[in-house]
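Thank you all for making time this morning. I would like to walk through one structure with you, slowly, and I will begin once it is up on the screen.

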Amino acid sequence: MRLLTRARLQAGRAPRAKRTADFDQAVAEFFMRLALEEAAKGLGRTSPNPAVGVVLVKSGRIIARGYHRRAGTAHAEVVALESAGSKARGADLYTTLEPCDHYGRTPPCSQAILDAGVRRVISASSDPNPKVNGKGISRLRRAGVEVLTGVLVEEADRLNRPFFKAMTTGLPYVSLKAAVTLDGKLATATGDSRWVTGEQARAWVHRLRDQVDVILVGANTARRDNPQLTTRLPGGEGKDPVRVVVDSRLRLPATLTVFTQRSPARTVVATLEDPAGRKAKRFLAAGVDVWQLPEKKDQVDLEALMRRLAKEGLNHVLVEGGAEMYGSFLREELADELLLFVAPKLIGGEGLSWSGSLGVKQMARALTVSALSYEQVGEDLLLRARLPGSR
């Protein structure tokens with residue numbers, strides 16, 4: 001399919017293409033990309049639900065769009081159908097995820113589609129939720145609605161990796177984000193790390209924070225950097241993720257910024273200590289949740305913490321330090337994705353390594369990443385990779 005101009009995308013007009021059996025792959029992909037753009041608007045706001053986008057098309061023109069804004073509100077299909085009203089009868093509905101067929105906090109989308117008189121449904125991803133898992137498509141087909149599946153499925157699956165992983169494994173999708181120098185150092189020997197990367201890279205990270213459910217750091221990072229762990233976008237826009245600090249023995253002062261900075265999002269300290277004990281009282285007094293978790297080698301069991309987060313409906317965790325925390329997630333294969341910013345700077349051998357100890361003594365046992373890609377972000381380079389154990 002040839003490239004489309006921005007004007008044609010904004011106008012919502014499909015490219016001219018030969019049709020076969022009243023369906024053309026290029027046309028379907030054109031409208032599905034617009035549906036994916038709609039879905040992306042809900043990233044970071046829909047958990048524990050997936051991000052879903054819908055485009056309604058009639059006579060080659062878009063008559064309505066919709067996306068799922070947050071859990072408990074109308075699903076994308078219903079938003080688009082209500083916007084279209086009676087025009088939806090006889091239209092084609094493009095959805096990034098198969099329609100649901102069960103009553104939850106909202107009625108089933110499959111029934112809404114039937115009630116609206118939609119003639120055809122084109123979907124991308126399949127929903128692994130056992131309450132859905134093909135049931136919506138089956139209902140539509142039984143009622144005589146034509147259903148086509150798998151259009152731009154890879155792009156749609158990528159958009160909802162956190163939801164799919166949480167649904168199939170009970171664990172959240174974990175992204176490790178680090179900023180390092182060209183020689184792989186997280187900070188100088190004194191612990192100074194402000195700033196490794198440039199302004200554009202830091203702005204990119206704040207846009208990422210806006211799309212995740214949780215931002216997590218270890219106790220050493222909280223003490224050394226005293227971060228806010230909030231989302232700071234131009235104009236005060238953006239959503240703060242839940243802030244989690246792993247402090248196994250509750251040794252941090254409750255006066256750190258992460259515990260005192262006001263935010264609409266919760267702040268959690270994950271620990272081995274009793275939440276009713278003396279050490280926990282100062283955190284509770286500051287409005288911080290104290291979670292007592294199982295122990296693993298005298299530290300908080302990170303897998304248990306991840307399962308607790310998934311049970312709380314938090315599907316995407318962003319780990320932002322420090323080296324010991326990165327090393328633990330890598331050793332235990334709990335992380336899915338590496339986001340490594342590399343700055344054009346050199347510190348030398350005295351600097352602090354970003355990854356912590358991995359226990360690798362032979363090159364043959366080195367951790368190997370996959371799907372490596374890169375992009376320029378201002379003066380820095382962003383390396384992306386899938387990590388061992390990613391699901």
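When I speak of a helix or a strand, I mean a DSSP run of at least four residues for a helix and at least two for a strand, numbered from the N terminus. With that in hand, we can place Pro48, which lies in the loop between helix 2 (25-40) and strand 1 (53-58). Please keep in mind throughout that this is a predicted model.

What joins Ser47 and Pro48? The link is a cis peptide bond, with omega about 10°. A second cis bond is found between Gly321 and Gly322, where omega is about 0°, and Gly322 sits in the loop that runs between strand 14 and helix 13. As background, most peptide bonds are trans, and most residues other than glycine have a negative phi.

That brings me to two residues with a positive phi. Leu250, in the loop between strand 9 and helix 10 (257-260), has phi near 50° without being a glycine. Lys297, also not a glycine, has phi of about 55° and belongs to the loop between strand 12 (295-296) and strand 13 (299-300). Are these residues buried or exposed? Leu250 has a relative accessible area of 1%, and it counts as buried because the cut-off is under 20%. Lys297, at 76%, counts as exposed because that value is over 50%.

Let me turn to the interior. The largest nonpolar core holds 36 residues, and those touching the most other members are Leu176, Leu216, Leu305 and Phe329. Several elements give two or more residues to this core, among them strand 6 (173-180), strand 8 (214-218), helix 12 (302-311) and helix 13 (323-331). Helix 13 gives the most, with five residues. In general, nonpolar side chains in soluble globular proteins tend to be buried together.

If we follow Leu216 and set aside residues up to four places away in sequence, its contacts include Val244, Leu305, Val317, Met325 and Phe329. Gly321, which we met at the second cis bond, is also one of the residues that Leu216 touches.

Finally, consider Val132, in the loop between strand 4 (120-125) and helix 5 (135-142). This residue is buried, with a relative accessible area of 1%. Which residues does Val132 touch, leaving out those up to four places away in sequence? They are Glu98, Pro99, Cys100, His102 and Asp127. Pro99 is 33 residues from Val132 along the chain, yet their C-alpha atoms are separated by 7.8 Å.

Notes
Residues numbered from 1 in each chain as written. Predicted model: local features only at pLDDT ≥ 70, side-chain atom pairs only at ≥ 80, totals over all residues. Heavy atoms only, no water. Buried < 20%, exposed > 50% of the residue type's maximum accessible area, 1.4 Å probe, protein only. Contact = heavy atoms within 4.5 Å. Core = buried A, V, L, I, M, F, W, Y, C linked by side-chain atoms within 4.5 Å.
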